[in-house]
Amino acid sequence: MFETDSQKSAAQALMSSNEQFKQLYQRHQYLDKKLMDSDLGVNGFDDMTVQELKREKLAAKQRLMQWVGDS
């Protein structure tokens with residue numbers, strides 16, 4: 001998700017100093033794992049649930065990137 005060194009650096013700093021950022025990052029990682037599991041057929045999510053998880057993951061990513069861009 002964080003592609004440049006400056007983004008990675010900013011994200012690391014935020015992880016240690018901003019609890020909201022850390023929680024949102026962990027939520028994004030959780031959603032990513034659930035969606036990967038769904039792709040592998042590990043869980044039985046219906047299409048609607050998958051779409052909702054994808055929307056939530058995208059919203060989390062956008063917010064995280066906004067934070068990283070602001071720092």
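Mentor: Let's start with a definition: buried means under 20% relative accessible area, exposed means over 50%, and partly exposed is what lies in between (1.4 Å probe, protein chains only). This is a predicted model, in which local features need pLDDT of at least 70 and side-chain atom pairs pLDDT 80 or more, while totals for chains, interfaces and linings use all residues. Residues are numbered from 1 along each chain as its sequence is written, and side-chain values use heavy atoms, without hydrogens and water.

Trainee: Then why is Phe 2 called buried?

Mentor: Phe 2 has a relative accessible area of 12%, which is under 20%, so the residue is buried.

Trainee: And why is Tyr 25 called partly exposed?

Mentor: The relative accessible area of Tyr 25 is 21%, which falls between 20% and 50%, so Tyr 25 is partly exposed.

Trainee: Before we go on, what does the secondary structure of the protein chain come to?

Mentor: There are three helices and zero strands, where a helix is a DSSP run of H or I with at least four residues, a strand is a run of E with at least two, and numbering starts from the N terminus. Read from the N terminus, the elements follow the order α-α-α. The C-alpha atoms fill a box of roughly 40 × 20 × 15 Å along the principal axes. Of the 71 residues in the chain, 24% count as buried.

Trainee: What makes the rings of Phe 2 and Tyr 25 a stacked pair?

Mentor: Rings of Phe, Tyr and Trp (its six-membered ring) pair if their centres lie within 6.5 Å; planes under 30 degrees apart are stacked, over 60 edge-to-face and the rest tilted. The centres here are 6.1 Å apart and the planes are at 20 degrees, so Phe 2 and Tyr 25 form a pair and it is stacked. The whole structure holds three aromatic pairs. Phe 2 and Tyr 25 also belong to one aromatic cluster together with Phe 21 and Trp 67.

Trainee: How do you know that the pair links distant parts of the chain?

Mentor: Phe 2 sits in the segment before α1 and Tyr 25 in helix α2, with their positions 23 residues apart.

Trainee: Why is Met 15 called partly exposed?

Mentor: Its relative accessible area is 24%, between the limits of 20% and 50%, so Met 15 is partly exposed. You will find Met 15 in helix α1, residues 5–17. Setting aside neighbours within four places in sequence, Met 15 is in contact (heavy atoms within 4.5 Å) with Phe 21, Lys 22 and Tyr 25. The C-alpha atoms of Met 15 and Gln 26 are 9.8 Å apart, although 11 residues separate them along the chain.

Trainee: Why is α1 called roughly perpendicular to α3?

Mentor: Two packed helices are described by the angle between their axes and the distance between the axes. For α1 and α3, the angle is about 100 degrees and the axes are 9 Å apart. Angles of 65 to 115 degrees count as roughly perpendicular, under 35 as roughly parallel, over 145 as roughly antiparallel and the rest as oblique, so about 100 degrees makes α1 roughly perpendicular to α3. The contact is formed by Gln 7, Ala 10, Ala 11 and Leu 14 of α1, with Met 65, Trp 67 and Val 68 on the α3 side.

Trainee: Which residues of α3 are buried?

Mentor: They are Val 50, Leu 53, Ala 60, Leu 64, Trp 67 and Val 68. These buried residues pack against α1 and α2.

Trainee: Why does Leu 53 count as buried?

Mentor: Leu 53 has 13% relative accessibility, under the 20% limit, so Leu 53 is buried. Not counting residues up to four places away in sequence, Leu 53 touches Leu 31, Leu 35 and Phe 45. The C-alpha atoms of Leu 53 and Leu 35, 18 residues apart along the chain, are separated by 7.3 Å.

Trainee: And why do Asp 37 and Ser 38 count as buried?

Mentor: Asp 37 is at 15% relative accessibility, under 20%, so Asp 37 is buried. Ser 38 is at 16%, again under 20%, so Ser 38 is buried too. Asp 37 lies in helix α2, and so does Ser 38. Beyond neighbours within four places in sequence, Asp 37 is in contact with Val 42 and Asn 43, while Ser 38 touches Asn 43, Phe 45 and Val 50.

Trainee: What covers the buried residues of α2?

Mentor: The cover includes α1 and α3. Among the buried residues of α2 are Phe 21, His 28 and Leu 31.

Conventions:
Axes fitted to C-alpha atoms, helices over the stretch in contact; angles between N-to-C directions.
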